[in-house]
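Below is a short walk through one protein model, moving from its surface patches to contacts within the fold. Please keep the sequence and the structure in view while reading.

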Amino acid sequence: MKRLVALLLIIVLSFNIFADPITYEYEPYEEDEFPLWLSEIRRAESIFFGSLVITFPLTAAGFAIAENFGANIEDNDFNLFWQQMGIAACASLLIAGVDWLIGYFND
């Protein structure tokens, strides 16, 4: 088994030996290359998924604290995960929406 894994690693890591080098240079986006609404959606997406990394652990911690204080929490781990993910996603959506509103009223 170890020999098979070693052989696969050698094969996978040797792929870059035969790859063609990148011959083009990076060109930054032009200011008017994308419409404004697309830039706003990309910003909202980045803020949503970026804040989800923080809101999910905070939601899980909130559930644990509530359970310690005697709240009746779901016993099924699968359902508990999706409940926590739903609450965290709503919180992240709220954060992205507030950011959009701040940008909308500051322009």
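**From a loop to helix α2**

Asp32 sits in the loop between α1 (2–13) and α2 (36–68). The model is a predicted one. Asp32 has a relative accessibility of 72% and therefore counts as exposed, the cut-off for that class being over 50%. Together with Glu27, Glu30, Glu31 and Glu33, Asp32 gathers in a patch of negative charge on the surface.

A second surface patch is nonpolar and covers about 1000 Å². Its members are Met1, Leu4, Val5, Leu7, Leu8, Leu9, Ile11, Val12, Leu13 and Phe15. One of them, Val5, belongs to helix α1. With a relative accessible area of 42%, Val5 is classed as partly exposed, because that class lies between the limits of 20% and 50%.

Helix α2 holds Phe56 and also Thr59. Are these two residues buried or exposed? Thr59 has a relative accessible area of 11%, so it is buried. Phe56, at 21%, is partly exposed; buried would require a value under 20%.

The contacts of both residues reach to later parts of the chain. Setting aside neighbours within four places in sequence, Thr59 is in contact with Gln84, Ile87 and Ala88. With residues up to four places away likewise not counted, Phe56 touches Phe81, Gln84, Met85 and Ala88. Gln84 and Ala88 thus appear in both lists. For Phe56 there is also a backbone distance: its C-alpha atom and that of Ala91 are separated by 8.9 Å, while the two residues are 35 residues apart along the chain.

Technical notes: Residues numbered from 1 in each chain as written. Predicted model: local features only at pLDDT ≥ 70, side-chain atom pairs only at ≥ 80, totals over all residues. Heavy atoms only, no water. Patch = residues over 30% accessible without salt bridge, like charges linked within 9 Å, V, L, I, M, F, W, Y side chains within 5 Å. Areas by Shrake-Rupley, 256 points an atom, 1.4 Å probe, with all protein chains shown as cover. Salt bridge = Lys/Arg side-chain N within 4 Å of Asp/Glu carboxyl O. Lys, Arg positive; Asp, Glu negative; His and termini not counted. Charge placed at Lys NZ, Arg CZ, Asp CG, Glu CD. Helix = DSSP H or I, 4+ residues; strand = E, 2+ residues; numbered from the N terminus. Buried < 20%, exposed > 50% of the residue type's maximum accessible area, 1.4 Å probe, protein only. Contact = heavy atoms within 4.5 Å.
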